[in-house]
Amino acid sequence: MRILDFGFSIFDFTLPSDRKLKIKNRKCLFCVCLVLGCASAFGGDAPKPGEVVAGVSGIKFAFIPAGELEMGSPAEEKGREPEEVLHRVKISRPFRMGVTEVTQAQWRAVMGQRRGSFEGDSLPAAEVTWQDAVTFCVKLSDIEKKKCRLPTEAEWEYACRAGSSKRFSVGEELSALGWYDDNAEEKPHPVAQKRPNAWGLHDMHGNVAEWCSDFYQAPYAATAATDPAGAQQGTSRVVRGGSWSAFERGCRCASRGNANPAHQMKTVGFRVVMEVDE
Amino acid sequence: MVSGLWFLAAHISRCNGQVRALGVYKPDQRLGRKAEGLLAAFHGEVLLMAHTDSSKGTASGMERRGFLAAAGATALAFSLGAARAARADEKPKVELGLIGCGGRGHWIADLFQKHGGFKFVAGADYFEDKVKSFGDKFGVDASRRYSGLNGYKKLLESKLDAVVVESPPYYHPEHAAAGVEAGKHVYVAKPMAVDVPGCQTIADSGKKATEKKLVFLIDFQTRANTLYQEAIKRVHNGDIGKVVNGEAVYYCGETWGNPTYDANNPEERLRHWGVDKLLSGDVITEQNIHALDVAAWIIDEAPLRAFGSCGRKGRSGAGNVNDHFAVIFWYPNDVLLSFASKQYGQGHDDIGCRMFGKRGTIDTHYGGPVSIRGEVPYKGGGSGNIFTDGVVTNIATFHDSITNGKFDNATVAPSVRSNLTTILGRTACYKGTTVTWDEMMKANEKLEFDTKGMKA
């Protein structure tokens, strides 16, 4: 267990043999020093929103408090799709969410070697089926001794917004927040190079779209709900956040995607939710 | 009785024309299963109409449940009404008036009735026989059947919550605007208008409706189809990359048939508005709008200019609509759209749109397959009976918007843009030159129908 930063620096971890922290960006070392001892990893005082801890695996998780959001988008939002019907959602339990999309190094550490169209330790692990992502979470749960899983669609949007009701989690300028069609040059980029949201989550907009646990239905059940988990059945699974090939409108907080869960796509990866003991 | 029989005959003829216009996606096959099913549905409707006398009045007598059209009080009124309902599953009844009681009016009224949340209490049409037929079928009291050019005004003065505008397109702006002015929720058939001022009137009516907390819904069926929605959302999100160019087509047989009538008689023209250039807006606006609307939906812009030509060689009869069009549209970012249509003869039917990007192609067919091929494929599927299913969905949306107080009226702006796109193409074809959007808007040309001699 390690206590780390608030998510503003670029780290990478070599896993699992040495389990040592490898800090590529040494300028950020002071961040680590500042926060060491200031937060407890999985217990003690209630963590602050966005507080970051590293799991046994070395994967960093930000604390996401319980709360509520207006899920969807207002009628006047630019690029909105009709399915994004605004409705109140309550997230009743806090959770932790991966500060970044699962990287190829992290994937390799948990699942073993694999090859993809784009290779690089810090690149997001893409071309993974929905079931592959679920399997990763199951194995990670064994490593972390905590339940790890994919986020629900509601948890994803709640975490992405981090309190924002705008098109994007921070401001209106997507290029500062993520890699997408206009700036990505038709490829994914190393995680956490763009500005994080208010809860320290990087690349919630763009880079790779992220699998959620829900079956996709359009429109979603647009009545007020607590911890909605999507339809009981379906043929495709929700992906969120847009990717390096997506247009700006496809990377909005409320933008919904979906994909065949058996497909491996260069534009789709995932990030992990770790449940919090109550 | 004589007029009733006349109507039935005319209705069957129109239905056949409509089926052919549907353009079921089966190249070189005249009618597919869906069209046949639809044809059967139309025949079923005709049979129902034949039983009108015996079923007269059965639709009436349902107790109204606390509906109020008063601005701001609608949702509350419904919740109170619903609470008082004898049966929990009974939908709050919206009291409706139908403006335009022709074939389409009858057909859609049946779907409104089947929804269960509406009750027709009034009808208006220029022709008395059509109002009578409608009133008899749907149990509308004789005192609330209005005819003549101003019949709709009397209808709007009577007590009702909403109106369904199914009159000839030339009259849609006038009827829809009057509906909003009278404080009614408005459901309007496509196309919304035949000219630029008419489109502007519709746009203004939509905004005014929102201000007055009224629902104003444009009945585009394709936009209600979930396969189209999903495929086009994926394009909007970037799945085929930036659209470079594309094509839209609408190939079909003679919608509305090839009737013979006295084209100098305005009443006869009104009866046969579907083959009248001025009253329908011509084929590119009246029917082809379905194809151009999908293209406009995908590109999500208004065209900058258009060049084209059209003609009338395949049709006969007294009508004067053109039966084939070819237009090139230029959109922002140098996106090119080629459009072609025909409305005559036998053979290939299709209402299709293909748009190409570097990473893929979206391919849509009304009633046929909808898919994306390329780097991020979308299997999609068959879009089914959009003609009916789209209307059923829109009717449900109309009811939901009224009962739950949703007044954003989001269908208006994109629909008006598509309508104007057809008018730009038509103007370019008529002039035989390139016409820009700005020129069209500035010219603001109004079409005028001479009603001299017609009943007020």
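# Briefing: salt bridges, chain contact and sheet in a two-chain model

Over all chains, the structure holds 41 salt bridges, a salt bridge being a side-chain nitrogen of Lys or Arg within 4 Å of a carboxyl oxygen of Asp or Glu. This is a predicted model, in which local features need pLDDT of at least 70 and side-chain atom pairs count only at pLDDT 80 or more, while totals for chains, interfaces and linings use all residues. Residues are numbered from 1 along each chain as its sequence is written, chains are lettered from A and ligands numbered from 1 in the order in which they are written, and side-chain values use heavy atoms, with hydrogens and water left out. Helices (H or I, at least four residues) and strands (E, at least two) are DSSP runs, numbered from the N terminus.

**Salt bridges**

- Side chains of opposite charge can pair when their charged atoms come close.
- A:Arg249 and B:Asp300 form a salt bridge whose closest N and O atoms are 3.0 Å apart. The pair joins two chains, because B:Asp300 lies in the loop between helix H14 (289–299) and strand E8 (305–311) of chain B, and A:Arg249 in the loop between strand E12 (237–240) and strand E13 (256–259) of chain A.
- The two partners differ in exposure class: A:Arg249 is buried, at 17% relative accessible area, whereas B:Asp300 is partly exposed, at 28%. Buried means under 20% relative accessible area, exposed over 50%, and partly exposed in between (1.4 Å probe, protein chains only).
- Within chain B, B:Glu181 and B:Lys208 meet in a salt bridge of 2.9 Å, N to O. This pair links distant parts of the chain, 27 residues apart: B:Glu181 belongs to helix H8 (residues 172–181) and B:Lys208 to helix H9 (residues 196–211).
- B:Glu181 has a relative accessibility of 48% and counts as partly exposed; B:Lys208, at 34%, is partly exposed too.
- Another salt bridge in chain B brings together the side chains of B:Asp400 and B:Lys406, at 2.6 Å from N to O. B:Asp400 is partly exposed at 28%, and B:Lys406 is partly exposed at 38%.
- Salt bridges with shared partners join residues of both chains into one network: A:Glu83, A:Glu153, A:Glu157, A:Arg161, A:Arg240, A:Arg256, B:Glu230, B:Lys233 and B:Arg234.

**Contact between chain A and chain B**

- The contact (heavy atoms within 4.5 Å) takes 18 residues from chain A and 14 residues from chain B.
- About 1400 Å² is buried between the two chains, 40% of it on carbon and sulfur atoms. Buried area is the accessible area (1.4 Å probe) that two parts lose on being put together, summed over both.
- In chain A, the residues that lose the most area to chain B are A:Glu81, A:Phe247 and A:Arg249, together 34% of what that side buries.
- The side of chain A that touches chain B divides into 5 nonpolar, 5 polar and 8 charged residues. Ala, Val, Leu, Ile, Met, Phe, Trp, Tyr, Cys and Pro count as nonpolar, Asp, Glu, Lys and Arg as charged, and the others, Gly among them, as polar.
- Across this interface there are 6 salt bridges.

**Helix H4 of chain A**

- Helix H4 (residues 153–161) of chain A has 9 of its 9 residues buried, so the helix is largely enclosed by the rest of the structure.
- Its buried residues include A:Glu153, A:Glu157 and A:Arg161, which also belong to the salt-bridge network.
- A:Ala162 follows the helix and has a positive phi, near 45°.

**B:Arg223 and its surroundings**

- B:Arg223 sits in the loop between strand E6 (216–219) and helix H10 (226–237) of chain B, and counts as buried at 18% relative accessibility.
- Not counting residues up to four places away in sequence, B:Arg223 touches B:Gln229, B:Asp293, B:Trp297, B:Pro414 and B:Ser418.

**The sheet in chain B**

- An open sheet of 9 strands has the order E14-E13-E12-E11-E7-E10-E9-E8-E15, with mixed pairing. Two strands pair if DSSP finds at least two bridges between them.
- The edge strands are E14 and E15 (435–436), each pairing on one side only.
- At one edge, strands E13 (residues 369–374) and E14 (residues 378–382) run antiparallel and are joined by 3 bridges. B:Pro369 has B:Gly382 as its bridge partner in E14, and a hairpin connects E13 to E14 through 3 residues.
- Strands E8 and E15 also run antiparallel, joined by 2 bridges; B:Ala306 has B:Val435 as its bridge partner in E15.
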